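Morning, everyone. Please have a look at the structure on the screen. I'll keep this brief.

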Amino acid sequence: MKRQFLPALLALSLLPAFGTVTDLSGPAQAAAPQQRTQAPGFYRMMLGKVEITALLDGTHPFPVHEVMQGIGRAGADALLERSDLHAPVEGSINAFLVNTGDRLVLIDSGAGVLYGKDGGHLMANLRASGYAPEQVDEIYLTHLHRDHVGGVDAGGAMAFPNAVIRVNRRDSDFWLDPKNRASVPGYLGPMFDGAIDSLRTYVAAGRLKPFDGEARLLPEIDAIPGPGHTPGHTIYRIRSGGQTLLAWGDIVHVAAIQFPKPDATVKYDSDAASAERQREQMFAEAAKNGEWIAAAHISFPGIGHIRRDDGGYSWLPANYTTDLAPATR
Ligand SMILES: [Zn+2]
Ligand SMILES: [Zn+2]
């Protein structure tokens, strides 16, 4: 008995010496406050000699049941379940900053103020990534929906004061002309206001320069028509050092549904049949050719590859790396 008691007595006698330790676990010590903020939303990769920076504008609860078409509620839920998701699915709003070495190009601009707190974070993330808006030479818009064009405006001034904006003429002709409002369902009406208001200062300054069809915008960047989601929806193809990246705008809205089932469309498509055809074609080509994809609404950073699976496709997110050493090719 004595032997067992001795250590306990020793421990008790030592307690006063550890008074500070006792204090640390006492009620006077406040818990560390939770931060509840995400890491800065930028992600960088090299494509040959071109630097690509994905910029997050925000995330936004996507009302899958109200927006997805051609799949049905049960079908959508079953596919979401396979990815451990439930409606509404938090969707990313991504844009991509491309530094060719000569020019700094922003592909899409996020929603600006048009999505409330869910958007408008692109500028902070652009600065966090090491750039300033004054450095952006050109902005290429995949289309003129609010979550792509809204970020060019800063309360009636140009958010990118030195930039020229490029967009397919079929989109600028359509969305900048209020007369076309009568030809679309009511829920697309705000898209006209968003495009007109966001681009007003650039139009007035002669800095909106539409292009037609397929166009070489820079030696490394081509515009490829991809109509359907909107009349002038465009894919920007960037090539350097034998690698290719396709910034494909709104080819996919909900990855968990549209990769396994590419014929699921969204009610915001101007021409759902053409949008579906574009998606099927893009998936097939990207799976075959192995191009990088940079997607506006796939979970940030929205950069990855596509693989063909039984009866559909799957998304392979880019492997994370901190190795951004200059390309030697
Ligand atoms: Zn869109
Ligand atoms: Zn979009």
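I'll go through a metal site, then a cavity. Keep in mind that this is a predicted model.

Start with the zinc ion, ligand 1. Which residues are its protein donors? They are His143 through NE2, His145 through ND1, His229 through NE2 and Asp250 through OD. They lie 2.1 to 2.2 Å from the zinc ion. Along the sequence, the spacing reads H-x1-H-x83-H-x20-D.

Now the geometry. Why is the arrangement irregular? The angles subtended by the four donor atoms run from 90 to 172 degrees. A tetrahedral call needs all angles between 85 and 135 degrees, and the range here goes up to 172, so the arrangement counts as irregular.

Asp250 does a second job: it bridges zinc ligand 1 and zinc ligand 2. Those two ions are 3.4 Å apart.

Where do His229 and Asp250 sit in the fold? His229 is in the loop between strand 11 (221-225) and strand 12 (234-240). Asp250 is in the loop between strand 13 (243-247) and helix 9 (255-258). So this pair ties together parts that are 21 residues apart in sequence.

Buried or exposed? His229 has 4% relative accessibility, so it counts as buried. Asp250, at 3%, is buried too.

Next, the cavity. Searching the whole structure for cavities of 30 Å³ or more turns up one. The volume of the largest cavity is about 40 Å³. His229 and Asp250 appear again in its lining. With them are Gly226, His233, Ile251, Asp269, Ala275, Gln278 and Arg279. By class, the lining has two nonpolar, four polar and three charged residues.

That's the tour.

Definitions and conventions. Residues are numbered from 1 along each chain as its sequence is written. Chains are lettered from A and ligands numbered from 1 in the order in which they are written. This is a predicted model: local features need pLDDT of at least 70, side-chain atom pairs count only at pLDDT 80 or more; totals for chains, interfaces and linings use all residues. Side-chain values use heavy atoms; hydrogens and water are left out. Donors are N, O and S atoms within 2.8 Å of the metal (3.2 Å for Na, K and Ca); water is not among the atoms, so sites may look incomplete. Four donors count as tetrahedral if all angles lie between 85 and 135 degrees; four count as square planar and six as octahedral if opposite donors are over 155 degrees apart and all others between 65 and 115; anything else is irregular. Helices (H or I, at least four residues) and strands (E, at least two) are DSSP runs, numbered from the N terminus. Buried means under 20% relative accessible area, exposed over 50%, partly exposed in between (1.4 Å probe, protein chains only). On a 1 Å grid over the protein atoms alone, a cavity is a set of points where a 1.4 Å probe fits but cannot get out, and a pocket is an open set with protein on both sides within 12 Å along at least five of seven lines; lining residues have an atom within 4 Å of a point. Grid points are joined across faces, edges and corners, and a volume is the space filled by probe spheres set on the points. Ala, Val, Leu, Ile, Met, Phe, Trp, Tyr, Cys and Pro count as nonpolar, Asp, Glu, Lys and Arg as charged, and the others, Gly among them, as polar.
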